[in-house]
Amino acid sequence: MKIALPDTNGRLTDYSLTGRPIAQAVLGDNPARVVYSAAHVVADPFTANDPSGRTTIDWEKTMAFRRYLAGLGLGIAEAMDTAQRGMGLDWPGALELIRRTKAEIPDALVANGCGTDHLDQATSYTLDDVRRAYLDQLEAIQKVGGRVILMASRALVKAAKTPEDYVKVYSDVLGACDQPVILHWLGEMFDPQLAGYWGSKEFEKAMPVALAVINENASKIDGIKISLLDKQKEIDMRRLLPVGVKMYTGDDFNYPELIEGDAEGFSHALLGIFDPLAPAAAFAVKSLGDGDTSAFRSTLDPTVPLARLIFRAPTQYYKTGVVFLAWLNGFQDHFVMLNGAQAMRPLPYFTEVFRLADACGLLREPEMAVNRMKRLLAFYGA
């Protein structure tokens with residue numbers, strides 16, 4: 001099967017598809033690694049609302065994708081940045097998403113983003129304001145029986161004056177949690193407003209603060225996800241975690257080796273890239289559990305160039321690549337996103353995502369993917 005793809009000057013060259021869709025596998029109840037896919041949402045393309053206005057979601061398609069992930073045995077990290085949380089998805093929309101997912105797949109492994117994003121970012125807040133904001137969202141999520149991911153707070157960055165302020169706010173919020181939670185350290189490459197989290201822009205100074213929160217509240221913490229796109233930082237922190245506290249990799253550049261681990265430990269996964277890579281993630285981790293490390297690496301290693309492209313700088317626009325692949329693979333009927341985010345990458349990005357997804361077997365119905373890619377090219381005049 002062929003398709004003519006343009007270069008950056010618009011010249012067309014035939015590309016022949018070579019990939020074979022990844023074999024389907026389902027993770028069992030006790031997988032070798034806990035795997036969460038941070039799932040995207042599907043926008044309603046027929047809304048009359050402007051992209052910058054009120055969130056409008058296609059709930060049927062959004063829930064269908066979550067059933068697909070759960071059917072593969074993957075956990076779902078709900079209402080996170082992959083779902084455009086704080087970048088198109090506001091807190092009322094996030095809470096509705098959390099409620100619907102809980103009702104739709106009540107027995108699935110789901111952890112839900114709890115933050116402070118209902119606070120007006122143009123206003124300055126005190127630590128008490130930030131604490132109350134966290135507790136308001138925590139109460140709402142726990143009321144529906146949801147597990148929690150404590151998301152990094154833009155408001156806390158502005159309100160905190162010392163590292164100790166982070167420790168106090170987190171300890172107070174963790175004290176109100178009814179079951180162990182996942183902490184989320186999101187780097188500034190994903191959200192520039194989180195620069196200096198934990199009280200310092202230097203990892204060597206910030207990490208001890210995060211570890212202090214964990215050590216003082218270990219019974220309330222299932223694990224921590226760090227998304228810093230630096231494997232050594234993750235490994236260094238992983239080796240310092242108290243027994244029983246998991247490291248969840250958020251490194252969309254180096255996930256195969258971090259999940260495989262070394263003689264001193266390994267990372268579990270909570271990844272935005274495991275939305276488009278869901279079948280590869282399920283097959284690879286099942287292979288790892290079966291003792292087949294070679295199959296684990298031979299499945300995931302070829303996906304790394306695709307992940308690095310999708311998450312290239314400006315990294316916060318990675319959602320565009322995630323939803324593009326969801327459209328190519330038939331999980332939605334259009335390529336429209338909340339906040340108009342489908343426009344945040346150029347055409348050569350999409351053509352290269354198409355090539356790399358084919359190369360590692362992630363186009364599940366190649367003929368449909370080709371037809372949809374042709375529609376996108378026609379839109380651009382190619």
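How many bridges join β3 to β10, and in which sense do the two strands run? I should like to begin there, and I note at once that we are discussing a predicted model. Three bridges join β3 to β10, and the two strands run parallel. At this seam, Ser-37 stands opposite Leu-271 in β10.

The seam belongs to a closed barrel. Eight strands make up the barrel, in the order β3-β4-β5-β6-β7-β8-β9-β10, and the pairing is parallel. Averaged over the sheet, and with direction ignored, neighbouring strands are turned by 25 degrees against each other. As a general remark, strands of a sheet pair through backbone hydrogen bonds, either parallel or antiparallel.

Let us follow the barrel from β3 onwards. Strand β3, residues 35-38, pairs with β4 in the parallel sense, over three bridges. Ser-37 has Ile-76 as its bridge partner in β4. Ser-37 thus appears twice in this account, since Leu-271 in β10 also stands opposite Ser-37. Strand β4, residues 75-78, is in turn joined to β5 by three bridges, and these two strands run parallel. Here Ile-76 is partnered with Val-110 in β5.

How many of the five residues of strand β5 are buried? The answer is five of the five in the stretch 110-114, so β5 is largely enclosed by the rest of the structure.

On the other side of the seam we meet β9 and β10. Strand β9, residues 246-249, pairs with β10 in the parallel sense over two bridges, and Thr-249 has Ala-269 as its bridge partner in β10. Strand β10 covers residues 268-271; His-268 and Leu-270 point one way, Ala-269 and Leu-271 point the other way, and all are buried.

One residue of β8 deserves a closer look. Strand β8 spans residues 221-227, and Ser-227 lies in it. Is Ser-227 buried or exposed? Its relative accessible area is 1%, and because the cut-off for a buried residue is under 20%, Ser-227 counts as buried. Leaving aside residues up to four places away in sequence, Ser-227 touches His-184, Trp-185, Leu-186, Gly-187, Met-189, Phe-190 and Gly-250. From C-alpha to C-alpha, Ser-227 and Gly-71 are 26 Å apart in space, with their positions 156 residues apart in sequence.

Pro-45 offers a second case. This residue sits in the loop between β3 and α1, the latter being residues 59-71. With a relative accessible area of 31%, Pro-45 is partly exposed. Apart from residues up to four places away in sequence, Pro-45 touches His-334 and Val-336. The C-alpha atoms of Pro-45 and Ile-98 are separated by 21 Å, the two residues being 53 residues apart along the chain.

I turn now to the helices. Two packed helices are described by the angle between their axes and the distance between the axes.

The first pair is α9, residues 278-289, with α10, residues 293-300. Their axes come within 7 Å and cross at roughly 160 degrees. That makes α9 roughly antiparallel to α10, and the crossing is left-handed. On the α9 side, the contact involves Ala-280, Ala-281, Phe-283, Ala-284, Val-285, Ser-287 and Leu-288; on the α10 side, it involves Thr-293, Ala-295, Phe-296, Thr-299 and Leu-300. Sorted by class, these residues divide into nine nonpolar, three polar and no charged.

The second pair is α12, residues 318-328, with α13, residues 347-359. In this case the axes come within 11 Å and cross at roughly 55 degrees. The two helices are therefore oblique to each other, and α12 passes α13 in a right-handed crossing. Which residues meet? From α12 they are Tyr-318, Thr-320, Gly-321, Phe-324, Leu-325 and Leu-328, and from α13 they are Tyr-349, Phe-350, Val-353, Phe-354 and Ala-357. This contact has nine nonpolar, two polar and no charged residues.

Helix α12 also merits attention by itself. Of its 11 residues, 11 are buried, so α12 is largely enclosed by the rest of the structure. The buried set includes Lys-319 and Trp-327. What do the buried residues of α12 pack against? Their partners are α11, residues 304-310, together with α13 and α14, the last being residues 366-379. Just after α12, Gly-330 takes a positive phi of about 85 degrees.

With that I conclude, and I welcome the group's discussion.

Conventions
Residues are numbered from 1 along each chain as its sequence is written. This is a predicted model: local features need pLDDT of at least 70, side-chain atom pairs count only at pLDDT 80 or more; totals for chains, interfaces and linings use all residues. Side-chain values use heavy atoms; hydrogens and water are left out. Axes are lines fitted to C-alpha atoms, for helices over the stretch in contact, and angles run from 0 to 180 degrees between N-to-C directions. Helices (H or I, at least four residues) and strands (E, at least two) are DSSP runs, numbered from the N terminus. Angles under 35 degrees count as roughly parallel, over 145 as roughly antiparallel, 65 to 115 as roughly perpendicular and the rest as oblique. A crossing is left-handed if the near helix is turned anticlockwise from the far one by less than a right angle, and right-handed if clockwise. Contact means heavy atoms within 4.5 Å. Ala, Val, Leu, Ile, Met, Phe, Trp, Tyr, Cys and Pro count as nonpolar, Asp, Glu, Lys and Arg as charged, and the others, Gly among them, as polar. Buried means under 20% relative accessible area, exposed over 50%, partly exposed in between (1.4 Å probe, protein chains only). Two strands pair if DSSP finds at least two bridges between them.
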